[in-house]
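Reader: I'm new to this, so please show me how to read a model piece by piece.

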Amino acid sequence: MTMKRTSSTKNSIKKKPKILNTEDSIDYTKSLTSEDAETVESGFEELDIAENPGKIKSEKKKTQAIKKPVLKSEKENKASKKTKGKSNTTNDDKPTEKPNWKEFKKEKQELRLKRKTQKCPFYEAVVKAKKLWETVRRDDCPKEKKETLLNELFKFSKSHLETMVFSHDTARIVQWMLKLGTPEIRSQVINELIKHVPKMLLSKYACLCVKNMLKQGDAEQRKIIINSLKGKIYTFTLHTNSSKIMDLIYTTYATQEQQNTMMHELYGANSILCDAPNVLSFTEVLKNSPNTKDIILAKTKDHIRKFVLKQKTSMQTTLVHNLIYEYILYTGGKDCGELFTSLKEFPIELFYTSKSGCHLAMYIIWSANSKEKKAILKQIKTTASTRDLATSEYGYLILLALFDSVDDTVLVKKTIIPEILNNLDTIATNEYGRRVIFSLVAWRDSSYFHPRDIELLKKGESIKECKKDDDVRVKELLSTVSDRFLQHIQENPSFWLSSGSIAMVLLAILKSGSGDKLKEAMTSVANYLIDSNNKVEDKDVKVPVYEHSGLHMVLRKIIGHDKILLKNNETTFSEILSSIITEETLKSWVQCNRACFLLIAMIESDVQSAVENIKSSISTTMMNLLKKQKFSGAKVLVTKLNSEASIKN
């Protein structure tokens, strides 16, 4: 029995009402009946029992008396919750007062303003600056008014600039002062902040102000900013907020000497090479400091390891790409297995933002096994980055490395080739995209590739793991794209004859083609060529296709390829073109210098049917018209026709 009493007492203690000791608390005892008041008083007595357990037996009846009204009040509370739309009332039917929300919100705003004022001593100046900024940044604000407001804005902000750059809203004001301010205001803002640049670079918002300072400042101010970072290049390149600004400084604003100093710090050799600012490469650094070679190598390797861990920030910068690429060049790829393994897991988009990054990606591809190459190809397909790679200044080299080292040409056909075919116009128009097409149809042909690119691609021959011969792989890729390229030429001859650079791709495709598709493509080109209405722009003047300087050169090379087509028993371009030239077309051609040279090229092509077609089309009247022309093309053509006639006789 004693145990039961104790447990019931504990339950009653748990239900002890909380007493609010505040001035604004409501006195609910006014609305209680006499019986309820006695119950409450007994509740207070129960608190004494909890403190003195010895009183439990003597106070048993009082404890039981407490339980009943508590249960009753709970039922009443539940009943009041169920009734909707009725105001809460006490026993004397007096409704509780509803809070005044407008006053409540006003008090909250005043409290918030008070806290901001206490936290920011110059809060009022910031508020005024914001109002001025809102007016200044509008497009409909007159120029004269802008200058006046900007001067006033600078006056309010000048003494607080150091603090303002670290806040999101006020940092925007500083950026606009740098963007729209007069040269005097810009210079003063930069001079106020220039000594705080190292601290600003670590801030999420202030680092954007540094970016504007570099853009708007003069050469001397940029020099001061860059020199203030000495000894901290590694730290800032590793930091999330400052890494992109460091890359911008290195690629855009730093001089050659400053670039070398920045790289020396990443090598971990700045203190050793402080008197050698002209050292350019990592190899030369180690060559000039043989006694500290091992220290520099160890520091460089440690820096690379930490940069690799910061994938989303540091690994996107030219500084880090240069560091890793130079380290690999020095070591020849040896002792870099762990590094390559880590880099292969990164998306390829991290590398093609810089020249050294693309070269680094090529080494990754060459050193990868078939499974890893497959993963790289699938990742490129998933991100649909083939077009971006093909049209990037250095990214095209990554595609060329894949074409050279992936044995599974079926996989290449499924992942990369469809994107090239779907974006053929864009890729063929781009200077770098054309090299991707050349790699497929004219592999390492010096007529289309710079010797530097060919030498770079040859570096991978000693590294890459391939089972297929290069000739087999090249033929398989060519057979995949040739017919589709020729079909595109057949359907869009105007595109391929729109400029000399695009026409060079046309030449490469036609030279690599064969069969009926080649014949259909050449016929389409020939029909477009002889139409006098088809004109292209050449030096701001519209001229016929055959009179365009670049296109004329390509057309002569296409005709010159006819000798090889003859040996392969293929239909020649000269044969097709000569058979569709009408008398009216020929009459206009003999009056144009470059058109005459096209006729000469067809006569020299050794295509007998083409020679006979041209000779039979030139009547005596046409010959007399040709002899009247004074340009060199007409004179040479007359000589050729006469020599052909004499040979025949």
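**Reading the cavities**

Author: Let's start inside: helix 29 gives the largest share of the lining of the largest cavity, 3 residues. Keep in mind that this is a predicted model, where local features need pLDDT of at least 70 and side-chain atom pairs count only at pLDDT 80 or more, while totals for chains, interfaces and linings use all residues. Residues are numbered from 1 along each chain as its sequence is written, and side-chain values use heavy atoms, with hydrogens and water left out.

Reader: How many cavities of 30 Å³ or more does the structure hold?

Author: A cavity is a set of points, on a 1 Å grid over the protein atoms alone, where a 1.4 Å probe fits but cannot get out; lining residues have an atom within 4 Å of a point. The volume is the space filled by probe spheres set on those points, which are joined across faces, edges and corners. Here there are 3 cavities of 30 Å³ or more, and the largest has a volume of about 50 Å³.

Reader: Which residues line the largest cavity?

Author: Look for F403, D404, S439, L440, W443, R473, V474 and L477. Two or more of the lining residues come from each of helix 23 (396-405), helix 27 (433-441) and helix 29 (470-491). Helices are DSSP runs of H or I with at least four residues, strands are runs of E with at least two, and both are numbered from the N terminus. Sorted by class, this lining has 5 nonpolar, 1 polar and 2 charged residues. Nonpolar covers Ala, Val, Leu, Ile, Met, Phe, Trp, Tyr, Cys and Pro; charged covers Asp, Glu, Lys and Arg; polar is the others, Gly among them.

Reader: And what lines the second largest cavity?

Author: That cavity holds about 40 Å³ of space, and around it sit L507, L510, K511, L518, M522, I558, H561 and L565. Helix 31 (500-512) and helix 32 (515-530) each bring at least two of the lining residues, with helix 31 giving the most, 3 residues. The class tally is 6 nonpolar, 1 polar and 1 charged.

Reader: Next up, rings. How many aromatic pairs are there?

Author: Rings of Phe, Tyr and Trp (its six-membered ring) pair if their centres lie within 6.5 Å; planes under 30 degrees apart are stacked, over 60 edge-to-face, and the rest tilted. That rule gives 8 aromatic pairs. Take F438 and F449: their ring centres are 6.4 Å apart and their planes are at 75°, so the pair is edge-to-face. This pair links distant parts of the chain, 11 residues apart, with F438 in helix 27 and F449 in the loop between helix 27 and helix 28 (451-458).

Reader: Are F438 and F449 buried or exposed?

Author: Buried means under 20% relative accessible area, exposed means over 50%, and partly exposed is in between (1.4 Å probe, protein chains only). Both F438 and F449 are buried. Now compare Y546 and W589, a tilted pair at 5.1 Å centre to centre with 50° between the planes. Y546 is in the loop between strand 2 (541-544) and helix 33 (549-560), and W589 is in helix 36 (residues 583-589), 43 residues away along the chain. Y546 and W589 are buried as well. Rings can also gather in a cluster, and Y325, Y363 and W366 form one.

Reader: Where does the charged end of K179 sit?

Author: A charge sits over a ring if NZ of Lys or CZ of Arg is within 6 Å of the ring centre and within 35 degrees of the ring normal. The charged end of K179 sits over the ring of W176, 4.9 Å from its centre.

Reader: How do I check a helix's length?

Author: The expected span is 1.5 Å times one less than the number of residues. For the 13 residues of helix 8 (residues 168-180) that gives 18 Å, and the end C-alpha atoms are 19 Å apart, which agrees. Among the buried residues of helix 8 are T170, W176 and L178. T170 also has K130 7.7 Å away, C-alpha to C-alpha, although they are 40 residues apart in sequence. K130 lies in helix 5 (residues 123-136) and counts as partly exposed because its relative accessibility is 30%.

Reader: How many residues of helix 15 are buried?

Author: In helix 15, 10 of the 12 residues are buried, so this helix is mostly covered. Among them are M262, M263 and Y267.

Conventions: On a 1 Å grid over the protein atoms alone, a cavity is a set of points where a 1.4 Å probe fits but cannot get out, and a pocket is an open set with protein on both sides within 12 Å along at least five of seven lines; lining residues have an atom within 4 Å of a point.
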